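Me: I should like to work through this model slowly, with a question for each step and the reasoning before each result. Could we begin by looking at it together?

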Number of protein chains: 4
Amino acid sequence: MPGNTFGNIFKLTTFGESHGEAIGGVIDGCPAGICLDFNRIQQELNRRKPGQSSIVTQRKEADEVRFLSGVFEGKTTGTPIGFIIENTNQKSKDYSHIKEVYRPSHADFTYDKKYGFRDYRGGGRASARETACRVVAGAIAKQVIPEIKITAYTKAIGTVVFEADKHQVDFTEIEKNPVRCPDKKLAQTMEAYIKNIRKQGDTIGGIVHCVIENVPLALGEPVFDKLQAEFAKAMLSINAVKGFAYGSGFEGTKLLGSQHNDIFNEDGTTQTNYSGGIQGGISNGMPIYFDVAFKPVATIMQAQASINTNAEKVEIIGKGRHDPCVVPRAIPIVEAMAALVLVDYYLIRKTQL
Amino acid sequence: MPGNTFGNIFKLTTFGESHGEAIGGVIDGCPAGICLDFNRIQQELNRRKPGQSSIVTQRKEADEVRFLSGVFEGKTTGTPIGFIIENTNQKSKDYSHIKEVYRPSHADFTYDKKYGFRDYRGGGRASARETACRVVAGAIAKQVIPEIKITAYTKAIGTVVFEADKHQVDFTEIEKNPVRCPDKKLAQTMEAYIKNIRKQGDTIGGIVHCVIENVPLALGEPVFDKLQAEFAKAMLSINAVKGFAYGSGFEGTKLLGSQHNDIFNEDGTTQTNYSGGIQGGISNGMPIYFDVAFKPVATIMQAQASINTNAEKVEIIGKGRHDPCVVPRAIPIVEAMAALVLVDYYLIRKTQL
Amino acid sequence: MPGNTFGNIFKLTTFGESHGEAIGGVIDGCPAGICLDFNRIQQELNRRKPGQSSIVTQRKEADEVRFLSGVFEGKTTGTPIGFIIENTNQKSKDYSHIKEVYRPSHADFTYDKKYGFRDYRGGGRASARETACRVVAGAIAKQVIPEIKITAYTKAIGTVVFEADKHQVDFTEIEKNPVRCPDKKLAQTMEAYIKNIRKQGDTIGGIVHCVIENVPLALGEPVFDKLQAEFAKAMLSINAVKGFAYGSGFEGTKLLGSQHNDIFNEDGTTQTNYSGGIQGGISNGMPIYFDVAFKPVATIMQAQASINTNAEKVEIIGKGRHDPCVVPRAIPIVEAMAALVLVDYYLIRKTQL
Amino acid sequence: MPGNTFGNIFKLTTFGESHGEAIGGVIDGCPAGICLDFNRIQQELNRRKPGQSSIVTQRKEADEVRFLSGVFEGKTTGTPIGFIIENTNQKSKDYSHIKEVYRPSHADFTYDKKYGFRDYRGGGRASARETACRVVAGAIAKQVIPEIKITAYTKAIGTVVFEADKHQVDFTEIEKNPVRCPDKKLAQTMEAYIKNIRKQGDTIGGIVHCVIENVPLALGEPVFDKLQAEFAKAMLSINAVKGFAYGSGFEGTKLLGSQHNDIFNEDGTTQTNYSGGIQGGISNGMPIYFDVAFKPVATIMQAQASINTNAEKVEIIGKGRHDPCVVPRAIPIVEAMAALVLVDYYLIRKTQL
């Protein structure tokens, strides 16, 4: 029940504070004999890394993963894969000003109430730095199920929205622009929009869209562990996420059954895909797709009223190096969590065959 | 990993097909010594029951729960609470026409692919009848944490939307109208809207809103089992649910950080509550609120093209007694799942004090 | 963590008190499509049933299992198998004398301390009646892995010990005598021994031996869920069990490494089998064998000093119908638990192939 | 289900091969605010360390634990405690001779069959080096429940047996002699016995006895997670363990019920303690005690016949530095596992109050 493990068969347990010695994790249940492509793991980490472009935080972190076990002569051994990422660029002094202050819409207040005190440096365990470990594990998960193609991209930054019918959908474009939007022009609009907001010392939210192609039939465990339920949990476990919707989502609530039903083709595919690739909690072989909503980053470079640990009013202003918008860096995290969900159900499925 | 258990400390395992002998469940981990109010359990079941109003399915089911263990002289004993609800009104012949047919947007196709064959009568395990067991367990969960107040209501039926700033919010109204909307007049509009759709043999989706008041501080287990993550999973595990959003949700993605941040009062409450009562995955004592999107019911009383188990085209038309809209009956289910999430975190919290 | 679930993939959850309405269970994760032999399930129950011979308790219980779900047209559907066994022969008045008394070496005292009060009738949840549900699940587990042959028998009743080198080993004899010992003559000695002890109103312990043949290679999950570790847990979870030893067991501690090491044959089998079919927590294909120690039944028909719930001294004497020795009826329970361990590891093994 | 996690609330996950970069673990669920005594953690590690005396392996390993997270300013933060122990003294070349050989009664054969290949250096994951991580976690667990006193000692080395009625029981003596036997004289006999066996290039087994005093009432979760069941699993998960018996154990099977029943005193204690401090799977407040049987070490310094990975006969002879008897070094491991069992049930108990 302590909450730092994800998955049942392919099981990731993570640890680490943003300003401790290191963060890391253990993957238990990875099948043996998989030749790991370590470059691809590092590439995924680089997609999440601070400092990768002008619209993300300018912190510099090496984010180099060191594998301690579970890999022998380049292959997984079937035993637990332990890994760590050293924290090399902690500027703890950036945080001394918040030692006794609760920042608005951060986890400072709740961590203090839950644990009695907290590692206040950089958000401690509540820092999004923790997600680097998810990316490592997700990159390995992807290599266990290479046939499944997971693609996330930026669908909206604030009010600037990518609409599939109006904008160009080119998956190869995603990694070519810093916003990770599949429409080149819209990406430029989004980039300018973010820069403008940052100039004001402010931040903005957005939406990540994820498409999963070539999904095997029959993944998902009703009635509680329906495939969409686990995706929802996975996404809502990511820092700053406020919502999840798959298939027709919230818009689908406005449709009639006669509009919404996905009519079968003779081969078992469907003519429409409002179901989002899942029926009754089980994958039906059609693409799975979903939206993930991210709130604006809580740390802003403007003065804000707040309180301290003595329940006194204080004024605070953000220090340090922060993201004006988490969405571009969240793309590989969404993909990683999707991969972790899929690999787990993929392995459990084997027990049923 | 098989998916029919929910919770970790207060653990519900359910079983049963809609047209088998009975459905039922086991609650393991309910604290001892709680005087159960059996009338309230039955009342919750009645809120979910078919035939309760003119806008829901007219199937008649007794839905009477029989407790087999774990209760002695009216009090919980701390041992597992086993219960069953006999299936009394199965009209299996209503389903013989779908024995070899895959209904569009139902789970027929995926269950067949997953298990090799299926109990085709009434959806079998994929039937929403299964949720009656959740309501029983939720009603018990509520009695373990009576201080927490959980209220769900209908926020939207199709395009008819309850807007808190335009419509009257009166929680006492909810159970007075068959739609379960807190605005009496809007409820009438919604009711007429549903009836009209039913006349056309069609169905419609909608949105349930849930508010949880008097939540204890410090519930939630970062980093994967954040409180919102478990709510998301719980809601997405309910039949027909397509989306979940808490606090500012998808709308919040359009806000600036300076607008979205919840400024603290000196007592630790916040002036706004875009956070939805949760920060860093941990309850902060403010009300928790979220939306749950339901798709239109897949069974419609109109002819539809489909395929059969031999991959041949067929035409089908709905038979039996079905809901034109699941939202009114989904209200107690959303509340039950919310209660199951809360009781589990409430109990785990005790291990930390 | 509440303790009424066993297994991870093939997962049994049980409920029920000896004198409540019914006992029962849910099996989640049983593979779909298995044609269940219901007669064999009932036969296993009959081996455990009271009243089956003159050396066991003379209570009469129908012990008929009723399946409520998860089976359709004789085959498992892959959904949870719910089942109940009604309690038909509860003589609750037999227990009114212990309502406020703690029987020596029973669970009365500890249940009261743990739960604040207890269902005192017949031991409630602590009654060995609960094991009937294990036998049902074990009988189904055996049918999932029919190639594995599990045989338990009586190795010792008190000081009367079956020694493989001195006595005749004939597995077909086991079910022919009421003691379930593979040596016909020794079985008669044991039977007379038990009868004599019962005449004195006393009880006696004993040892069950279990042999598992045709075990697939590579079952077991180091480092904590080693195969022997799960067998140990399974056995120690049975009422009255005090010890578990596999392979060379406690005697093996006296051997030198040069004596104890099992030398390999070229085909991977070993010349000796002190390892008991398990090396490094993983099955090696050789037979698995272990001993399980059962204490004497606590209920004796002699006057004993004890205390009541007011901490006052009382004298009690056993009433009702009890076993003078649990060993003969424990045989199918040991086999059932072994089957539950094996089926779980058998299924998890599939995720690794 | 992958087997490298122990516990439910206080949850230890370990990783690492004996000759990889490091071994380590993550403890999730440790309560916040505990001032850790790091010296005591290191002391426990030193009790398990190679090279500590002349009767254990002469390998030199620093066995220094490095904590990476979950501790801030000397106190646990409630977040996961990640730790590693670097492998500093791996002589991998000592193992090149077994790369393609299956050593008798080792896990070489089964690991190869399970995972397809293995890290052959020093036993890889199957090495007892892994238990160092258990000792770290156990040392922390002990500090969470300081009121419970866990004492393990050597009860037997081969045929040399400590008998409580014949030998002197002095707990303070245990750590004063290298065998860890509470009787000084017998310890000398045992030491000489081990040295003599080592001279012959042979090894010997033995028995560890563990006593747990000041156990809180009401720990244990029937019916499957009885306290003794979890102790059994914990002990059988330790390398080389073949048996577990608590309370009267195997000897108790020979007693009559009238002899074996523990008569209550008015204060709820019992006059005898054949029950071993547990009734119905729940602690009764009396001392818990149990025996753990260890087989002789499989690596001997004598020539043995074996096979290689091509199923050909080979002759092997032990190389490297090995223990002639694991018992003295197993003492802190038994204690650590006992502590992990107890802390988990101690925390779960809080959910019931």
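**Copies, sheet, strands and side chains**

Me: By a turn of how many degrees can chain A be laid on chain B?
Reply: In this predicted model, chain A can be laid on chain B with an RMSD of 0.0 Å and a shift of 0.0 Å along the axis, where copies are superposed by least squares on the C-alpha atoms of residues with pLDDT of at least 70 in both. The two copies are thus related as by a two-fold rotation axis, and the turn that lays chain A on chain B is 180°.

Me: What pLDDT do local features need in this model?
Reply: Residues are numbered from 1 along each chain as its sequence is written, while chains are lettered from A and ligands numbered from 1 in the order in which they are written. Side-chain values use heavy atoms, with hydrogens and water left out, and in this predicted model side-chain atom pairs count only at pLDDT 80 or more, totals for chains, interfaces and linings use all residues, and local features need a pLDDT of at least 70.

Me: What percentage of the contact residues of chain C recur in chain D?
Reply: Chain C can be laid on chain D with an RMSD of 0.0 Å by a turn of 180° and a shift of 0.0 Å along the axis. The same surface serves both of these copies, contact meaning heavy atoms within 4.5 Å, and the share of contact residues of chain C that recur in chain D is 100%.

Me: Which strands lie at the edges of the open sheet?
Reply: Helices (H or I, at least four residues) and strands (E, at least two) are DSSP runs, numbered from the N terminus, and two strands pair if DSSP finds at least two bridges between them. The sheet has 10 antiparallel strands in the order β10(C)-β9(C)-β11(C)-β15(C)-β12(C)-β12(D)-β15(D)-β11(D)-β9(D)-β10(D). The strands that pair on one side only are therefore the edge strands, β10 of chain C and β10 of chain D.

Me: What angle does helix α5 of chain C make with the direction of β12(C)?
Reply: Helix α5 (residues 227-236) of chain C packs on the sheet, touching β11, β12 and β15 of chain C together with β12 of chain D. Axes are lines fitted to C-alpha atoms, for helices over the stretch in contact, and angles run from 0 to 180 degrees between N-to-C directions. On that basis, the direction of α5 makes with that of β12(C) an angle of about 155°.

Me: Which residue of β3(B) stands opposite B:Leu12?
Reply: Strand β2 (residues 11-15) of chain B has five of its five residues buried, so it is largely enclosed by the rest of the structure; buried means under 20% relative accessible area, exposed over 50%, and partly exposed in between (1.4 Å probe, protein chains only). B:Lys11, B:Thr13 and B:Phe15 point one way from β2(B), whereas B:Leu12 and B:Thr14 point the other way. β2(B) and β3(B) pair in the antiparallel sense over five bridges, and opposite B:Leu12 stands B:Ile27.

Me: Which residue in the turn between β1(B) and β2(B) has a positive phi?
Reply: Strand β1 (residues 5-6) of chain B pairs with β2(B) in the antiparallel sense over two bridges, and B:Thr5 has B:Thr13 as its bridge partner. The two strands form a hairpin with four residues between them, and the turn residue with a positive phi, of about 100°, is B:Gly7.

Me: How far apart are the end C-alpha atoms of α3(A)?
Reply: The expected span of a helix is 1.5 Å times one less than its number of residues, so the 14 residues of α3(A) should span 20 Å. The prediction agrees, as the end C-alpha atoms are separated by 20 Å.

Me: Which side chain makes a polar contact of 3.0 Å with that of A:Thr131?
Reply: A:Thr131 is in helix α3 of chain A and is buried, with a relative accessible area of 1%. A polar contact is a pair of N or O atoms within 3.5 Å; within protein, one must be able to donate a hydrogen and the other to accept it, and residues adjacent in sequence count only if both atoms are side-chain atoms. A polar atom of the A:Thr131 side chain lies 2.6 Å from the backbone oxygen of A:Ala128, while the side chain joined to that of A:Thr131 at 3.0 Å is that of A:Arg48.
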